[in-house]
Amino acid sequence: MSVPSSFVRPTTRPDEIHRLLTDVERYNPSNTVLLEDYLARQCANPDSTSNHDLMANLALLKLYQFNPEMLDLDVIRRILAKALISAIPADFNLCLYLLTDEVCKDASIAKLLALRESLERAQFVKFWRDMYDPEDEEEESVVDGIAGFDNGLRKLILAEITATYQKIPLKDVQDMVNLDEEAVLRLAKENGWTVDGPVISLPLKAEVKASVISESVKFEQLTKMLSAANDI
């Protein structure tokens, strides 16, 4: 059985944070500053795949839930922005479940929720347009302080393109990843795509054979898994 991402320790997680997350005192309010500092380090690292520590960020949101007087909306914004470019779509929803309706009404948080909906609908052109809307009254972008956000998002979009298309107009890819033609041609070369004039051809995907997997999980094992999930 595969292990949910939130239970896997990232290689970049410091021992101090790991001890905190596995300790019975992990929801002690005094841990809030440590987890906020750790989030700042995650946000400063442009590698969105290796440094997103969902379990630590969920623990921080849980601390805000228990201690609303300590809540920091800018920290929540950065947690959601990091989850937005996670390769595991469920990460964003797990964070969302720990937020109150009042928090979700904040302008920056509400915008991230709208951007998430565009991603789920594969409305990539709309995503870029809304994220960098020149008429937006906010002085800062909702992804400010998230190093490598655009490139992390493009990785997700490229994966979607690869899984969906065999041929696609070059101009469509430009719009979907928000890059000029020269940059898209470089991406095509890096990904082994063939460019023939205005059309990009993608390699044929291997045929997926259907199979039936039978898995036996004892009641005691199921109880332990549900208990672990509830502890996050």
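Helix α9 gives the most to the lining of the largest pocket, contributing four residues. The model behind this picture is a predicted one. The pocket itself holds about 260 Å³ of space. Its lining counts 13 residues, and those closest to the centre are Pro89, Arg116, Leu119, Leu156 and Glu160. Two elements, α7 (107-120) and α9 (149-164), each give two or more residues to this lining. As for chemistry, the lining divides into nine nonpolar residues, one polar and three charged.

Let's step back to the whole chain. It has twelve helices and three strands. The table gathers some overall values.

| Property of the protein chain | Value |
|---|---|
| Buried share of the 232 residues | 37% |
| Share of contacts with a separation of 6 or more that join residues 24 or more positions apart | 64% |
| Accessible surface | about 13800 Å² |
| Share of that surface belonging to carbon and sulfur atoms | 53% |

Now for the interior. In soluble globular proteins, nonpolar side chains tend to be buried together. Here, the largest nonpolar core has 56 residues, and Leu35, Phe127 and Phe149 are those with the most contacts inside it. Helix α3 (residues 54-66) supplies the largest share of this core, eight residues.

What does Leu35 touch, leaving aside its neighbours within four places in sequence? Its contacts are Ile17, Leu20 and Leu21, together with Ala56, Ala59, Leu60 and Leu63.

Asn31 is a good place to look next. This residue is found in the loop between α1 (15-21) and α2 (32-44). Is Asn31 buried or exposed? Asn31 counts as buried because its relative accessible area is 12%, and the cut-off for buried is under 20%. Once neighbours within four places in sequence are set aside, Asn31 is in contact with Leu20, Glu25, Arg26 and Leu63. Leu20 and Leu63 are also among the contacts of Leu35.

Further along the chain, helix α10 (residues 170-177) has several buried residues: Leu170, Val173, Gln174, Met176 and Val177. An α-helix has 3.6 residues a turn, so residues three or four places apart point the same way. Which elements help to cover the buried residues of α10? The cover includes the helices α8 (124-131), α9 and α11 (181-190), along with the strands β1 (167-169) and β3 (199-201). Helix α9 therefore appears here as well as in the pocket lining, where its share is four residues. Just after α10 comes Asn178, which takes a positive phi of about 60°.

Methods:
Residues numbered from 1 in each chain as written. Predicted model: local features only at pLDDT ≥ 70, side-chain atom pairs only at ≥ 80, totals over all residues. Heavy atoms only, no water. 1 Å grid on protein atoms, 1.4 Å probe; cavity = no way out; pocket = protein on both sides within 12 Å on 5 of 7 lines; lining within 4 Å. Points joined across faces, edges and corners; volume = space filled by probe spheres on them. Nonpolar A, V, L, I, M, F, W, Y, C, P; charged D, E, K, R; others polar. Buried < 20%, exposed > 50% of the residue type's maximum accessible area, 1.4 Å probe, protein only. Contact = heavy atoms within 4.5 Å. Areas by Shrake-Rupley, 256 points an atom, 1.4 Å probe, with all protein chains shown as cover. Core = buried A, V, L, I, M, F, W, Y, C linked by side-chain atoms within 4.5 Å.
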